[in-house]
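Visitor: I am new to reading protein structures, and I would like to go through one slowly. Could you show it to me before I start asking about its parts?

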Amino acid sequence: MTASDLQLPAVTPADTVDFTAIPSPAFVLDESRLRRNLSLIAHVQRESGAQIIVAFKGFSMWSAFPLLREYGITGATASSLNEALLAKEEMQGEVHVYAPAYSDEDFPRILELADHLVFNSFSQWQRFKPQVEAARASGRTIYVGIRVNPEYAEVETDLYNPAGPFSRLGVTRREFRADLMDGVDGLHFHTLCEKDSDTLERTLEVLERNFGDVLRQVKWVNFGGGHLMTREGYDIPRLIRVVRAFREKWGVHVILEPGSAFGWQTGWLVSSVLDVVHNVKDAVLLDISVSAHMPDVLEMPYRPRILGAGDPPEHDHREAVDAPPGHAYLIGGTTCLAGDVVGEYVFEQPLAIGDRVVFDDMIHYTMVKTTFFNGVKHPDIGILRMDGCYERVKTFGYEDFKAKLS
């Protein structure tokens, strides 16, 4: 069974959306697509017995949080004080916090907000343990975990591999301090990045081999994120089976905290053509920036899909060549960065100033990483509702840009 085998809500076909009616530029969340993902996530939560919370580092569009609550998603994981505040104020459920390191300035406020608090090292746990114990003595229930590094991962891109050589994230078995576990009731690991459940299964085998004695002492285990259960073809029954087996074997509560799975294929970045220039090839300048508004395209790197466009045939970019079928354009942003370019795409019709260019799958991770580089206009944020109406929920202006700098 995969996502296609479940009875999930229908989604709005992209070719029925009038993108010309949406002010450009804009990140557009499609409610029908989000509901589809939430239906599947709720199914996994119900059948596996795991608690699934949303990772704000991948999806923190708080205007959509009421929809998450409809489907039984009642918690969030935060990586900073700001995200913890957002979780408490807008998600209105359990607040789980993990950061590689906490500052003396931020920790007291984080402690006030957190229900689950994960430490990246035993030195951090020892540093802040007196504050945690004082809060517990006052009557608060605070669950404390240590992040471990199983030293196993199947992540191809080093930038996103938490278990790579010399990783600063999590405690390895060599450095684990069983004598400092007093007051700790859980473990956390995160080694996946948009992976299927077979990778999780192999990771758990290593975790059990390296930390089996510790698993017998704890009450809960957080499997971190990277479980891309909403991607077409993901093996959902295996995920459910693996989680159930782990829970039963070790007698622990299991937590999953995906980010991408919530926002996967739920919307678009709508942009417009500002100009078309020619230098051996035709190049299009859009009213967005690849660097500022789609940074993973350059960091990962990956090639995003553009609705209605295809890939050009392979040819030498250094010399003039015969035009490929259709109309080929280098698609770039409007900042001064020379590399502010997505790549070359082929369109059935020639592009003209004012035409819409729509990038697919631009909600998860993309929005949380945007910047105001060059002061380029930041895309609006909006929601395409189930009835086809577009709701603009946020517009950015000069004051937003200015407030970031001083």
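Guide: What follows is a set of questions and answers about this predicted model.

Visitor: How many salt bridges does the structure hold?

Guide: Side chains of opposite charge can pair when their charged atoms come close. A pair is counted here when a side-chain nitrogen of Lys or Arg lies within 4 Å of a carboxyl oxygen of Asp or Glu. By that rule, the number of salt bridges in the structure comes to 28.

Visitor: Which side chain meets that of Arg-385 in a salt bridge?

Guide: Arg-385 lies in the loop between β17 and β18, and its partner lies in helix α1 (residues 31-48), so the pair ties together parts that are 354 residues apart in sequence. With a relative accessible area of 24%, Arg-385 is partly exposed, whereas the partner is buried, with 7%. The N to O distance in this bridge is 3.3 Å, and the partner is Glu-31.

Visitor: Which residues are joined with Arg-385 into one network?

Guide: The bridge between Arg-385 and Glu-31, at 3.3 Å from N to O, does not have to be read alone. Salt bridges that share partners join Arg-385 into one network with Glu-31, Arg-35, Glu-70 and Glu-391.

Visitor: Is Asp-185, which meets Arg-136 in a salt bridge, buried or exposed?

Guide: The side chains of Arg-136 and Asp-185 meet in a salt bridge, with 3.6 Å from N to O. This pair links distant parts of the chain, 49 residues apart, with Arg-136 in helix α5 (residues 122-137) and Asp-185 in the loop between β7 (143-147) and β8 (186-188). The cut-off for a buried residue is a relative accessible area under 20%. The relative accessibility of Asp-185 is 14%, and therefore this residue counts as buried.

Visitor: What is the N to O distance between the side chains of Lys-369 and Asp-296?

Guide: These two side chains meet in a salt bridge. Lys-369 lies in the loop between β16 and β17 and Asp-296 in helix α10 (residues 296-299), so the pair ties together parts that are 73 residues apart in sequence. Lys-369 counts as partly exposed at 25% relative accessibility, while Asp-296 is buried at 16%. From N to O, the distance between Lys-369 and Asp-296 is 2.7 Å.

Visitor: Which residue makes a nonpolar surface patch together with Leu-298 and Leu-337?

Guide: The patch has an area of about 230 Å². The residue you ask about sits in the loop between β16 (356-360) and β17 (380-384), and with 34% relative accessibility it counts as partly exposed. The third member of the patch is Phe-373.

Visitor: How far apart are the C-alpha atoms of Asn-374 and Phe-19?

Guide: Asn-374 also has its place in the loop between β16 and β17, and it is partly exposed, with a relative accessible area of 44%. Along the chain, Asn-374 and Phe-19 are 355 residues apart. In space, their C-alpha atoms are separated by 26 Å.

Visitor: Which strand gives the most residues to the lining of the largest cavity?

Guide: The largest cavity holds about 30 Å³ of space, and its lining consists of Thr-77, His-96, Val-97, Tyr-98, Val-118, His-188, Asn-222 and Glu-257. By class, these residues divide into three nonpolar, four polar and one charged. Three of the lining residues come from the strand that spans residues 94-98, which is β5.

Visitor: What is the volume of the largest pocket?

Guide: The lining of this pocket has 47 residues, and those nearest its centre are Lys-57, Tyr-160, His-190, Cys-193 and Tyr-365. By class, the lining has 20 nonpolar, 14 polar and 13 charged residues. The volume of the largest pocket is about 1,200 Å³.

Visitor: Which element gives the most to the lining of the second largest pocket?

Guide: This pocket has a volume of about 710 Å³, and among its 21 lining residues Ser-60, Trp-62, Leu-86, Met-367 and Val-368 lie nearest the centre. Two elements, α3 (81-91) and β18 (390-394), give two or more residues to the lining. The lining has 12 nonpolar, six polar and three charged residues. The element that gives the most, with three residues, is α3.

Methods. Residues are numbered from 1 along each chain as its sequence is written. This is a predicted model: local features need pLDDT of at least 70, side-chain atom pairs count only at pLDDT 80 or more; totals for chains, interfaces and linings use all residues. Side-chain values use heavy atoms; hydrogens and water are left out. Patches are made of residues with over 30% relative accessible area and no salt bridge: like charges are joined within 9 Å, nonpolar side chains (Val, Leu, Ile, Met, Phe, Trp, Tyr) within 5 Å. Accessible areas come from the Shrake-Rupley method with a 1.4 Å probe; for residues, only the protein chains shown count as cover. Helices (H or I, at least four residues) and strands (E, at least two) are DSSP runs, numbered from the N terminus. Buried means under 20% relative accessible area, exposed over 50%, partly exposed in between (1.4 Å probe, protein chains only). On a 1 Å grid over the protein atoms alone, a cavity is a set of points where a 1.4 Å probe fits but cannot get out, and a pocket is an open set with protein on both sides within 12 Å along at least five of seven lines; lining residues have an atom within 4 Å of a point. Grid points are joined across faces, edges and corners, and a volume is the space filled by probe spheres set on the points. Ala, Val, Leu, Ile, Met, Phe, Trp, Tyr, Cys and Pro count as nonpolar, Asp, Glu, Lys and Arg as charged, and the others, Gly among them, as polar.
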